[in-house]
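User: I'd like to learn how to read the holes, the ligand site and the charged pairs in a model like this one. Could you walk me through them?

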Amino acid sequence: MHIIFDKNSKTFFLENKEISYVFKIEESGFLRHLYWGKRISRDSLNHLDYFTESQSVFLGDMDRMHPIEEYPLELGSFGNRGDYRESSISINNLGHRTLDLRYKSHKILSEKPEIDGMPSLRDGKTLKITMFDNVNKIKVDVFYTIYDDSNAIARRMEIVNLNDHEIKIEKAFSACVDIIPKENMQAITFHGAWLRERMQEKNDITHAGIEISSTRGVSSAQTNPSMIIAGANTTMYQGTAIGINLIYSGDFAIKAKQDQYGRIRLTAGINDEDFDWTLKKNEKFSTPEAVFVYSCNGINAMSQSFHNLYRNHLINSDWVKKSRPIICNNWEATGVDFNEKKLMRFIDSLKGSGVDTFVLDDGWFLGRNSDSSSLGDWIVDKKKLPRGLEFIIEYTHKAGLKFGLWFEPEMISKNSLLYQHHPDWAIKSNTIASEGRNQYVLDLSKNEVCDFVIDTINKYLDTYKINYIKWDMNRYLTESFSSELGTRSKEHHHRYNLGLYKVLDAVIKTHPDVFFEGCASGGARFDAGMLAFFPQIWASDNSDAYSRSIIQTHTSLFYPLSSIDCHVTTGTPNMQTGRMSDLTARFSVASMGSFGCEMDFSKLSDEDKRNIREFIAFYKKYFQTLVLSGDTYILSQMNDNNLWAQQIVSKDKALSAISILQGLNKPIPEEKRIYPQGLVASACYRIMVGKQEKLLAKLRGDTIMNAGINVNNWPLRSDPNGIGLNFGDFVGQTLILEQEENETIEKD
Ligand code: DGJ
């Protein structure tokens, strides 16, 4: 990867093996975007000048010929001489709102600086460009980072007020770029709800624009901070796909809109709807980091680029390569209704199952017998656990298991001792205090509240031998106000998130041996900001195999499989959907991520127990390492084909696993094949079906990838080698493709 500055043409070339990102400093000092796409030579791109005679406002003293709206830009500032496109930065300087930022200097940095108080990517090569407004005395540093193991460009800004008086930032997006589309472009976005996270939507990007955003204080289940801009003809494996993702967990907006010249202005960052920020003399404001991945080879390559980037440069490097614990959590089996005896039975039944961590979920603290009380009172409930937490922990450890504990540290119940002592710690306004799931959110914009949370969790981790924390968050922010902020309440949501990052940093850094998993009513805060702290996040409270095949696949477009926590539950019909699916199907879907269980083994039939034990052993043998480090391929999507198939291939291409799920059964169905990817064309692979590892065929990679594998061999149940998918609804299977070590198949 390189960052090159051509002095003659004043052009920056950011490039790696596959992509180039090119922009130049105009005479006027604006940063003009020139090119973003497949790697090109470092030629002058002046021939791309495009100017019209449109009826616009002209640049006056700078350029009497060309209105600024005609320039594709890298930074769009508000009020700037007739640039009516979405701006990326807007300030109010004693009423003056025309920001005139011009290039001042640049530096190619030897090390990527961290962002104050926020997570960001590590490594890469970084360019810092300083832009300056001489009249408003405002400095803006624009950062670009490029990587060689991912086609990502990371971008962000820092704004400094050099006035003696304070100014107000009204908008500060992380990045802005004008894309010159090669074809009609569409935006793929991810909406959802509790139990239905990250559903996919596709819309043309027109002059009306597309915008996704959150004002919930949290990235949310309703919209994920991610967007794909893809050509109308782009597929998983062909065409242009630009992925946008924010390393941020709070209110965000990502906008894409065509301008009058058919270009798409793309902006991404903190949502400006309920935001402003007062900047005093010499103070600095940093935006979160935005990540843009460019793929010339379809959506799947974009997704792999994100996986490499986040595994190598975002997720805690102590954990990223370590096998994830195979947990069994008691939530779906017991809810808050448990006692010491029940838990002991639960733990006993896990012996020999292959599960290595028992996680005690919600309900272990003072008076927590329903969701209507006790959050904040992190004192062990002696009625449920008379011998204390230490007894259950020791009991778990003696059973050969690790111990995990659930917390919801950001919350306070009205019915709690904490609320009696600190009613002002709950976020509420002067008119109303809405409860969500019978609880309030703690005001993490206050230092003393952050200190309380840090001390509470740290005390537990220092006192008890806890190996794993599940960090839950079950409601969004409402009525944002903080007594300490007063009139600056539009800063509140961002300050809440800065407080949260501070807390997570303080707790996690001091306990490097404890594994932290994120959760928010299922997957309501599944974002790259959280991923920097939690190597793994609970993807959804919906554990139905069919729903999960959709939720997990969309999640995996941006976030690596190892970060997606997937559990098999006992419920059939499923607790959340009432849908029936057999254990093989549920296992097959849950294997495409960090696998775990939510069930009481003591209540399982011997056959189910044996089956689950075998499934776990099978997962450990083939999937566990692949999930951590393999390349992921989406072979078929449930919504498109009534068939889901996802594949992982080891980096050396010697091993691959495929999980498959059928939607509704169709008698005498159309022939369906899946086409595996990423194998060595000339190598011979054993294709094995299910945990029985039944040999289906031995074939060369090119045959498998091009002729495909038939997934509806018929008649099914009677065919011992059949994959057997079309007998029944929501049935699934796994395939293992393993390279024959010493066998070469000669070419004819
Ligand atoms: C929501 C989580 O998603 C569940 O897994 C469980 O931990 C409950 N909260 C407990 O209240």
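Analyst: Let's start with how residues get sorted: Ala, Val, Leu, Ile, Met, Phe, Trp, Tyr, Cys and Pro count as nonpolar, Asp, Glu, Lys and Arg as charged, and the others, Gly among them, as polar. By that sorting, the lining of the second largest cavity has three nonpolar, three polar and four charged residues. Keep in mind that this is a predicted model.

User: Which residues line the second largest cavity, and what is its volume?

Analyst: Its volume is about 50 Å³. The lining is made up of Tyr248, Asp251, Ile270, Asn271, Asp274, Phe275, Lys490, Glu491, His493 and His494. Watch the histidines when you sort these: they fall under polar, since His is not on the charged list.

User: How many cavities of 30 Å³ or more are there, and what does the lining of the largest one look like by class?

Analyst: A cavity is a place where the probe fits but cannot get out. Here the count comes to nine at 30 Å³ or more. The largest has a volume of about 70 Å³, and its lining splits into seven nonpolar residues, three polar and one charged. Around it you'll find Phe30, Leu31, Ile68, Leu73, Leu75, Gly76, Ser77, Asn80, Asp83, Leu101 and Met131.

User: And pockets? What is the volume of the largest pocket, and which residues lie nearest its centre?

Analyst: A pocket, unlike a cavity, is an open set of points. The largest pocket holds about 690 Å³ of space. Its lining runs to 28 residues, and Glu114, Asp505, Lys509, Ala532 and Phe533 are the ones nearest the centre. Sorted by class, that lining has 15 nonpolar, five polar and eight charged residues.

User: On to the ligand. Which residues come nearest to it, and which class has six members in the shell?

Analyst: Begin with the neighbours, then go to individual atoms. There are 13 residues around the ligand, with Asp361, Asp362, Lys470, Asp472 and Asp541 coming nearest. The charged class is the one with six members, alongside four nonpolar and three polar residues.

User: Where are the polar contacts of Asp361, Asn474 and Trp538 on the ligand?

Analyst: Check which ligand atom each side chain faces. Asp361 puts a polar side-chain atom 2.7 Å from a ligand oxygen. For Asn474, the partner is a nitrogen atom of the ligand, 3.4 Å from a polar side-chain atom. Trp538 has a side-chain N or O atom 3.4 Å from an oxygen of the ligand. As for cover, the ligand on its own has 300 Å² of accessible area, and the protein covers 98% of that.

User: Last topic: how many salt bridges does the structure hold?

Analyst: It holds 44. One of them joins the side chains of Asp348 and Lys351, at 3.6 Å from N to O. Another pairs Glu671 with Arg673, where the closest N and O atoms are 2.9 Å apart. You can also look at Glu738 and Arg686, whose side chains meet at 2.7 Å.

User: Why does Glu671 count as exposed, while Arg673 is partly exposed?

Analyst: The cut-off decides: exposed means over 50% relative accessible area. Glu671 has 51%, so it is exposed. Arg673 has 41%, so it counts as partly exposed. In the other pair, Asp348 is partly exposed at 30%, and Lys351 is partly exposed at 48%.

Conventions: Residues numbered from 1 in each chain as written. Predicted model: local features only at pLDDT ≥ 70, side-chain atom pairs only at ≥ 80, totals over all residues. Heavy atoms only, no water. 1 Å grid on protein atoms, 1.4 Å probe; cavity = no way out; pocket = protein on both sides within 12 Å on 5 of 7 lines; lining within 4 Å. Points joined across faces, edges and corners; volume = space filled by probe spheres on them. Near = heavy atom within 4 Å. Polar contact = N/O pair within 3.5 Å; in protein donor to acceptor, adjacent residues only side chain to side chain. Areas by Shrake-Rupley, 256 points an atom, 1.4 Å probe, with all protein chains shown as cover. Salt bridge = Lys/Arg side-chain N within 4 Å of Asp/Glu carboxyl O. Buried < 20%, exposed > 50% of the residue type's maximum accessible area, 1.4 Å probe, protein only.
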